[in-house]
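This report describes the architecture of a single protein chain. It proceeds from helices to cores and then to sheets.

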Amino acid sequence: SLSKLQLKTGDLDPRLFSRLRHLQKLDLSDNLLDKFPNSLTLPDLRVLNCNNNKLEDVTALKQFPLLEELTYENNVYLTLNDDYKVMFLLENLRLLNGKDITKLANHVRHVNSRKLTSKVTAHWEKFFRDQLPEKYTAEQVKSIKKKFLKSVQTNVVYGPSSLSEFTRWRVKMIAEEFLSYSLGLELNSDTEQEKKTDENEEESTESPGEAAEEVAQVGDVSSYISNVTVKPRKRKRNHSKSGAGNKRSKSQADSEEEEEAEDVSAEPLHFLQCHSKGNSREDFKTQLWSCVFEPVLDSGARKDPIVSSSRTVATCGGESVCLIDCETGTVLKKYKVATEEFFSVAWTTLTMVISDSRKKAHNILAAAGRRGIVKLIHVAADFCYGEIKAHKKPIATVCFSPTQETHLFTASYDKRIALWDIGIPDCDYNFKASQLLVLEAVSIPLRIALVPTCPEQYLLAGCEGGCFAWNIKLDKGQKSRPFEAIFQFPDDESMTTSHRVDGLAFLNDDVVVSKSSKPGCIYLWSWSRSFDPKEKGCQRTVSAVILAELEWSTTDMSYLTLSTCPAKEYVFCGDEKGSVWMYNLANYTTAWGSAKGKRSERRISPTQILQWPELRMNGEQPPEILVNNVVSDPAFTYLVVLTSVNITAIWKKS
């Protein structure tokens with residue numbers, strides 16, 4: 001705290017401040033500062049208070065890239081335009097002058113930028129492109145650049161007039177980038193040089209090695225990777241067999257280079273060791289099993305999946321459940337039960353009555369595992385308000401209904417899937433849970449999925465002994481139900497129902513992705529063409545109408561599960577070597593959706609394989625890294641990878 005010290009800008013000595021590499025909170029309120037020096041550095045600064053100063057400009061704050069909370073009230077020269085500038089410049093900013101600006105900031109960075117970029121481009125195309133001769137001199141470039149920057153700032157208008165200064169500032173920035181990158185007109189002005197220097201400084205604050213040395217604390221909780229170093233490998237897809245001659249044609253070399261360029265689509269961001277038993281730094285054995293992104297409360301989460309995910313993810317493994325901010329790598333909360341091993345987590349949003357009979361939506365997390373008990377956690381209140389003794393044997397997986405927010409399915413090693421109504425807690429957290437249905441499985445259910453077109457009617461489950469469907473409609477009297485259909489899949493020359501299905505998810509309303517224990521086998525098949533609801537009879541055998549098969553690892557190891565990102569038409573699956581196989585299926589789904597959609601004859605190769613970086617734990621490489629689960633947020637910005645060695649890896653799409 002350096003508040004109320006009559007400090008002026010010259011009193012902030014960069015030589016002193018640049019040594020405070022781990023400073024996270026700084027209070028400079030009630031001073032006489034008119035601006036910030038450009039080189040204070042402070043690479044780890046998260047919270048900054050500059051209330052009651054004489055600040056005239058905020059752009060120097062971009063030197064604090066990890067800033068999450070910023071207050072500068074009662075600086076009379078700062079306006080709404082400055083608020084928008086800091087929202088654009090500080091990617092991690094969540095609170096500005098006490099208000100949550102996450103949603104608005106995303107709009108400023110993405111929607112606003114996209115609109116302005118298209119206007120700037122259109123302005124160049126319409127008025128300036130033809131003015132530039134094919135062969136131009138430095139003088140001509142300088143002249144046209146000057147005219148274009150002046151014209152574009154005057155003529156490109158967007159948003160309310162109260163934001164015109166911010167708009168001009170962004171338009172100039174976008175126009176300079178456009179001239180530099182799109183047209184190759186280098187702009188070696190002083191401001192450009194400054195900008196480049198600043199950008200280099202920002203990048204150096206979190207090199208891959210430093211990013212791995214994460215220490216995040218929640219109360220007495222520590223998540224360490226301080227004894228792990230990271231060397232990212234150069235990722236390249238290689239399907240060629242060795243020994244087939246080394247000469248390549250030019251076109252082959254070109255296409256391989258192109259493929260590699262496309263390949264770099266995600267970068268490792270954080271490696272966290274936050275599920276350690278007893279917070280031990282030496283624990284590289286705890287298996288991590290399940291993760292799911294928190295829904296955003298005010299976006300109508302059930303309506304639009306793209307805007308309904310935050311950057312907060314819940315992960316579970318061992319005795320703990322963690323809440324992680326994917327961007328910063330901070331463990332926001334940690335919930336521990338000493339005698340439990342958690343296998344699965346799921347989110348729902350409940351509208352609860354708070355004081356004065358007012359209603360408010362809150363996110364509730366359900367977590368379950370070895371003890372067969374479901375824990376219900378009100379995350380914002382840091383409170384586990386109840387538990388449901390759901391099964392006498394371990395619970396393999398849980399999931400909420402997308403249409404009935406209090407309906408929770410629990411799949412257990414007792415070979416049953418139960419449907420519960422968890423009720424809505426009152427203001428004293430009293431709630432009443434009741435069991436609505438029991439689905440009898442003939443083997444242990446491992447993965448469950450509700451059919452997107454009729455989530456209140458059919459449930460699909462991948463089990464130790466095959467893939468099954470149940471009718472779950474509640475208006476039928478029967479509380480305990482056998483399965484309605486078992487699906488058979490190709491097996492060498494014939495069809496079989498008998499195989500372990502350890503991966504199951506819907507890619508869209510109709511296409512199911514399932515993974516069987518047969519080595520390297522991931523099938524895509526059509527729900528509507530395989531299952532006819534009009535057919536009567538229970539426990540019937542149905543052939544899955546296969547649309548395609550995905551090429552995957554040849555391992556016969558089980559329980560490495562898959563996931564999908566329906567909005568981006570991606571499938572993800574990890575393997576036994578720490579790699580993540582990613583399949584972009586956007587080019588196939590239209591054909592599959594047509595009435596005569598034929599099966600893709602050959603196996604579909606991965607669009608990309610993200611290889612596990614070279615990690616050293618206590619100076620040694622881990623012997624074996626299995627990827628138990630890999631999940632993206634609905635917009636595919638982050639990819640969370642859960643491993644068998646107690647490491648959560650977070651990748652960010654570049």
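A residue is called buried when its relative accessible area is under 20%, exposed when that area is over 50%, and partly exposed in between. The model discussed here is predicted, and these cut-offs are applied to it throughout.

**Helix 4**

By this criterion, the buried residues of helix 4 are V141, I144, K145, F148, L149, S151 and V152. An α-helix has 3.6 residues a turn, so residues three or four places apart point the same way. Helix 4 comprises 18 residues, 138–155, and the distance from its first C-alpha to its last is 26 Å, close to the 26 Å expected at 1.5 Å a residue.

**The chain as a whole**

The protein chain contains 10 helices and 40 strands. Of its 654 residues, 51% count as buried. The exposed area is about 31400 Å², and carbon and sulfur atoms supply 49% of this surface. Among contacts with a separation of 6 or more, 56% are made by residues 24 or more positions apart.

**Nonpolar cores**

The largest nonpolar core has 35 residues, and those that touch the most other members are F36, L48, L61, F64, L70 and V86. Two or more residues each are given to this core by helix 2 (80–89), helix 3 (102–127) and helix 5 (164–182). Helix 2 provides the largest share, with 5 residues. Apart from this core lies another, of 22 residues, which includes Y458, L504, C521 and Y523.

Within the largest core, L61 may be taken as an example. When residues up to four places away in sequence are not counted, L61 touches F36, L48, L70, V86 and L90.

Helix 2 also merits attention for its burial. Of its 10 residues, 9 are buried, so helix 2 is largely enclosed by the rest of the structure. The buried set consists of N81, D82, D83, Y84, K85, V86, M87, F88 and L89; charged and polar side chains such as N81, D82, D83 and K85 are thus listed there beside nonpolar ones.

A residue of helix 3 offers a further case. A122 is found in helix 3, and because its relative accessibility is 44%, A122 counts as partly exposed. A122 and V156 are 34 residues apart along the chain, and their C-alpha atoms are separated by 9.8 Å.

**Sheets and strand pairs**

Strands of a sheet pair through backbone hydrogen bonds, either parallel or antiparallel. The table lists three antiparallel pairs, with one pair of facing residues for each.

| Strand pair | Bridges | Facing residues |
|---|---|---|
| Strand 28 and strand 29 | 5 bridges | G503 and K515 |
| Strand 33 and strand 34 | 4 bridges | L562 and C573 |
| Strand 9 and strand 40 | 6 bridges | L272 and T648 |

Strand 28 (residues 501–506) and strand 29 (residues 511–516) form a hairpin with 4 residues between them. All 6 of the 6 residues of strand 28 are buried, so strand 28 is largely enclosed by the rest of the structure. The pair belongs to an open sheet of 4 strands in the order 28-29-30-32, with antiparallel pairing. Strand 28 and strand 32 (545–551) occupy the edges, each with a single partner strand, so one side of each is left without a neighbour in the sheet. From one strand to the next, the twist averages 25°.

A second open sheet, also of 4 strands, follows the order 33-34-35-36 with antiparallel pairing. Its edges are strand 33 (562–565) and strand 36 (608–610); each has a single partner strand, so one side of each is left without a neighbour in the sheet. Neighbouring strands of this sheet are turned by 20° against each other on average, direction ignored. Strand 34, the partner of strand 33, spans residues 570–574.

Strand 9 (residues 266–272) is paired with strand 40 (residues 648–653), and the two run antiparallel. Of the 7 residues of strand 9, 6 are buried, so strand 9 is largely enclosed by the rest of the structure.

Terms used: Residues are numbered from 1 along each chain as its sequence is written. This is a predicted model: local features need pLDDT of at least 70, side-chain atom pairs count only at pLDDT 80 or more; totals for chains, interfaces and linings use all residues. Side-chain values use heavy atoms; hydrogens and water are left out. Two strands pair if DSSP finds at least two bridges between them. Axes are lines fitted to C-alpha atoms, for helices over the stretch in contact, and angles run from 0 to 180 degrees between N-to-C directions. A nonpolar core is a set of buried Ala, Val, Leu, Ile, Met, Phe, Trp, Tyr and Cys residues joined through side-chain atoms within 4.5 Å. Buried means under 20% relative accessible area, exposed over 50%, partly exposed in between (1.4 Å probe, protein chains only). Contact means heavy atoms within 4.5 Å. Accessible areas come from the Shrake-Rupley method with a 1.4 Å probe; for residues, only the protein chains shown count as cover. The expected span of a helix is 1.5 Å times one less than its number of residues.
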